[in-house]
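Open the model in your viewer and keep the selection tool at hand. We will go from the whole chain to single residues, one stop at a time.

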Amino acid sequence: MMYPISKIKLDFPILNRKINSNKLIYFDNAASSLKPNYVIEHEMNYYKYEYAAVHRGIHTLSREATNKVEQVRYKVANFINAKQTEEIIFTKGTTESINLVAYSWGRKFLRSGDNIIITEMEHHANIVPWQVLAKEKGLLIRYIPLLPNGTLDLSKLLSLIDDNTRLFAITAASNVLGIINPLKDIINQVKNISNSLVLVDGAQYIMHQKVDVQLLNCDFYVFSGHKMYGPTGIGILYGKKYLLDNMLPWETGGSMIKTVSLVKETTFNQVPWKFEAGSLNTAGIIGLGAAIDYIKSIGLKQISLYEKLLTEYAFNILNNIPNIKIYGSITHNRIGVISFNLGKHHAYDVGSLLDTYGIAVRTGHQCALPIMDYFKINSVCRISLAMYNDYFEIDKLASVLTKINKILI
Ligand SMILES: Cc1ncc(COP(=O)(O)O)c(C=O)c1O
């Protein structure tokens, strides 16, 4: 039985807010999702009653906080079905996780003439770190192109891979087009014909559907807490243990060492702590653990089923608005991300008018300029749905967009 939607809304106090005298309708979940009381209270309780630095002290509070952090590591491992808890590294978010791999693994193992494959649908976070690394090391970057329906042209995949392909970095789901990539099949193909590693950017997928890193057989999987009802400033890098063991630390300092001396070479801690220099974002980690518990209490199966129906409803109703152009096909497997433009009107104008009705959407290039270039546009309006959105909100969006059409023409 689905946890009733009216009940889910009650868990999110910010949804009681009025924006410009209208009840808030929040359609900007792909940028950052809202936080339930359960997550907020866990973070607050840590600061109020449980606060201490972790991995340092022998006193009760410090030991309790350390246990909590390590319990969340276990929870995350379980959530994505990692083989070992040590394969989970706490970072600031998806962006930092990708940079960690580029900096640590890339700088140690890649040589001039090697190549990395990415796709034309990546977020800048999964493009720029590879471009910077490529420039520094003399690497080639190859791109799987988009098709007009917003899916990837996977017929090009095998021809792009050769003996010098070291990494294939791909998003699980597009933050602009909503398309979910058939990762299992893609990774099988890559692994069948090469020794390339695979990094999956799970930032847009993790809050919607079950992830099983062992089933996928990816080498790295990255995501952010704030996009899955958790706090900002906390994210995850999953990496296969043998890879992490062989990588060098990327930040150095306290907590990540085994021994330090002024006369002998410093030795490093084992994974995962080798990659967690300095004081951790303990409150963020505790909040992330609470977010996982919250999602599990509702169930990812029910969440994805409900969001699928809501997305189809939204797509069909928006598609009937005169003047609208939606990017990306509805018939493909997708998350609830729908990007559109209204005629020649700039997305900022449309987004600003929606805001006057209390409707929050994303406007701009969505940190995916290559997708904008492909469709020869410079910005889109994007709605991105979460489990607390409902059919009435979609109807309101459609009716306001119809009004905006008249105002702007
Ligand atoms: C697909 C994708 N990858 C990476 C990121 C970057 O995430 P963060 O800003 O949390 O590091 C985003 C953010 O929108 C995203 O949508």
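The tour below says what to select at each stop and what is there.

**Before you start**

This is a predicted model: local features need pLDDT of at least 70, side-chain atom pairs count only at pLDDT 80 or more, and totals for chains, interfaces and linings use all residues. Residues are numbered from 1 along each chain as its sequence is written.

**Stop 1: the whole protein**

Select everything and show it as a cartoon. You should find 14 helices and 17 strands; helices (H or I, at least four residues) and strands (E, at least two) are DSSP runs, numbered from the N terminus. The radius of gyration is 22 Å, close to the 22 Å that the globule rule gives for 409 residues, so the protein is as compact as a globular protein of that length. That radius is taken over C-alpha atoms, and the rule is 2.2 Å times the number of residues to the power 0.38. Turn the C-alpha trace along its principal axes and the spans are about 75 × 55 × 35 Å.

Of the 409 residues, 45% count as buried. Here a residue is buried if 20 or more other C-beta atoms lie within 10 Å of its own, exposed if 12 or fewer, and partly exposed in between, with C-beta atoms placed from the backbone.

**Stop 2: the seven-stranded sheet**

Next, select the strands S4-S10-S9-S8-S7-S5-S6, which form an open sheet in that order with mixed pairing. Two strands pair if DSSP finds at least two bridges between them. At the edges are S4 and S6 (140–144), each pairing on one side only.

Zoom in on S8 (residues 197–201), where five of five residues are buried. Which residues lie on each side of S8? Leu197, Leu199 and Asp201 are on one side, and Val198 and Val200 on the other. Now add S7 (residues 165–171), which pairs with S8 in the parallel sense over five bridges. Two bridge pairs to pick out are Ala169 with Leu199 and Leu167 with Leu197.

Then move to S4 (residues 88–91). Ile88 and Phe90 point one way, Ile89 and Thr91 the other way, and all are buried. Four bridges join S4 to S10 (residues 235–239), and the two run antiparallel; look for Thr91 opposite Gly235.

**Stop 3: Val190**

Select Val190 in helix H7 (residues 183–193). Val190 counts as buried because it has 24 C-beta neighbours inside 10 Å. Leaving aside neighbours within four places in sequence, Val190 is in contact with Ile161, Phe168, Ser196 and Val198; contact means that C-beta atoms, placed from the backbone, lie within 7 Å.

**Stop 4: the four-stranded sheet**

Now select S13-S14-S17-S16, an open sheet in that order with antiparallel pairing. S13 (324–327) and S16 (362–364) stand at the edges with a single partner strand each, so one side of each is left without a neighbour in the sheet. S16 pairs with S17 (residues 380–384) over three bridges in the antiparallel sense, and Thr363 stands opposite Cys381.

**Stop 5: around the ligand**

Finally, select the ligand and its shell. How many residues surround the ligand? There are 15, and the closest are Gly93, Thr95, His123, Asn175 and Ser224. To be near, a residue needs its C-beta atom, placed from the backbone, within 6 Å. The shell divides into five nonpolar, nine polar and one charged. Ala, Val, Leu, Ile, Met, Phe, Trp, Tyr, Cys and Pro count as nonpolar, Asp, Glu, Lys and Arg as charged, and the others, Gly among them, as polar.

Key: Contact = placed C-beta atoms within 7 Å.
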